[in-house]
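Trainee: I'd like a close look at one part of this model, and then I'd like to hear how the rest fits around that part. Take your time and go through it piece by piece.

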Amino acid sequence: MSTNYCARRERERGPHPSEQMIAPIAQGLHLSLDERDHLFRFAGHRPPVRGGARETLRQMP
């Protein structure tokens, strides 16, 4: 992601990536749940509901 892209997103002028695109990016970056939620909001979407079995397994050390 370029700084220009981020600046356009903050001004709501840039493209709106789909939730299907954001989820694998968050997973690939190994984001925490708070970071993932921020990424979804930054992209203009509601974050996924927390508490699924997959999230619980992922957080275990």
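Which residues form a nonpolar patch on the surface, and how much accessible area do they have together?

Mentor: That would be Met21, Ile25 and Leu29, with about 270 Å² of accessible area together. Before we dig in, keep in mind that this is a predicted model, where local features need pLDDT of at least 70, side-chain atom pairs count only at pLDDT 80 or more, and totals for chains, interfaces and linings use all residues. Residues are numbered from 1 along each chain as its sequence is written, and side-chain values use heavy atoms, with hydrogens and water left out.

Now, what counts as a patch here? Its members have over 30% relative accessible area and no salt bridge; nonpolar side chains (Val, Leu, Ile, Met, Phe, Trp, Tyr) are joined within 5 Å, like charges within 9 Å. The areas come from the Shrake-Rupley method with a 1.4 Å probe, and for residues only the protein chains shown count as cover. Take Ile25, which sits in helix α2, residues 19–28. Ile25 is called partly exposed because its relative accessible area is 32%. On this scale, buried is under 20%, exposed is over 50%, and partly exposed lies in between (1.4 Å probe, protein chains only).

Let's step back to the whole chain for a moment. The protein chain has four helices and zero strands, so the order from the N terminus is simply α-α-α-α. Those elements are DSSP runs numbered from the N terminus: helices are H or I with at least four residues, strands are E with at least two. Of the 61 residues, 25% count as buried. The accessible surface comes to about 4800 Å², and carbon and sulfur atoms own 55% of that. As for contacts (heavy atoms within 4.5 Å), take those in the chain with a separation of 6 or more: 36% of them come from residues 24 or more positions apart.

Helix α2 also feeds the interior. The largest nonpolar core has six residues: Ile22, Ala26, Leu31, Leu39, Phe40 and Ala43. Both α2 and α3 give two or more residues to this core. A core, by the rule used here, is a set of buried Ala, Val, Leu, Ile, Met, Phe, Trp, Tyr and Cys residues joined through side-chain atoms within 4.5 Å. In general, nonpolar side chains of soluble globular proteins tend to be buried together.

Walk on from α2 and you reach the loop between α2 and α3 (33–42), where His30 is found. His30 isn't a glycine, yet its phi is positive, about 55°. His30 counts as exposed because its relative accessible area is 65%. At the other end of α3, the helix is followed by Gly44, again with a positive phi, near 90°.

Helix α3 itself is worth a slow look. Its buried residues are Leu33, Arg36, Asp37, Leu39, Phe40 and Phe42, so charged side chains are on that list too. Asp37 is buried because its relative accessible area is 6%, and Arg36 is buried because its value is 10%.

What do those two do? Their side chains meet in a salt bridge at 2.8 Å, N to O. The criterion is a side-chain nitrogen of Lys or Arg within 4 Å of a carboxyl oxygen of Asp or Glu, and the structure holds three such bridges. Another joins Arg50 to Asp34, with the closest N and O atoms 2.6 Å apart. That pair links distant parts of the chain, with Arg50 in the loop between α3 and α4 (53–59) and Asp34 in helix α3, 16 residues apart. Asp34 is exposed because its relative accessible area is 55%, whereas Arg50 is partly exposed because its value is 40%.

Arg50 also forms a salt bridge with Asp37, the closest N and O atoms being 2.6 Å apart. This pair too spans distant parts of the chain, from that loop to helix α3, 13 residues apart. Through shared partners, Asp34, Arg36, Asp37 and Arg50 end up in one network.

The loop meets α3 at other points as well. Leaving aside residues up to four places away in sequence, Asp37 touches Pro47, Pro48 and Arg50. The C-alpha atoms of Arg36 and Pro47 are separated by 7.5 Å, with their positions 11 residues apart along the chain.
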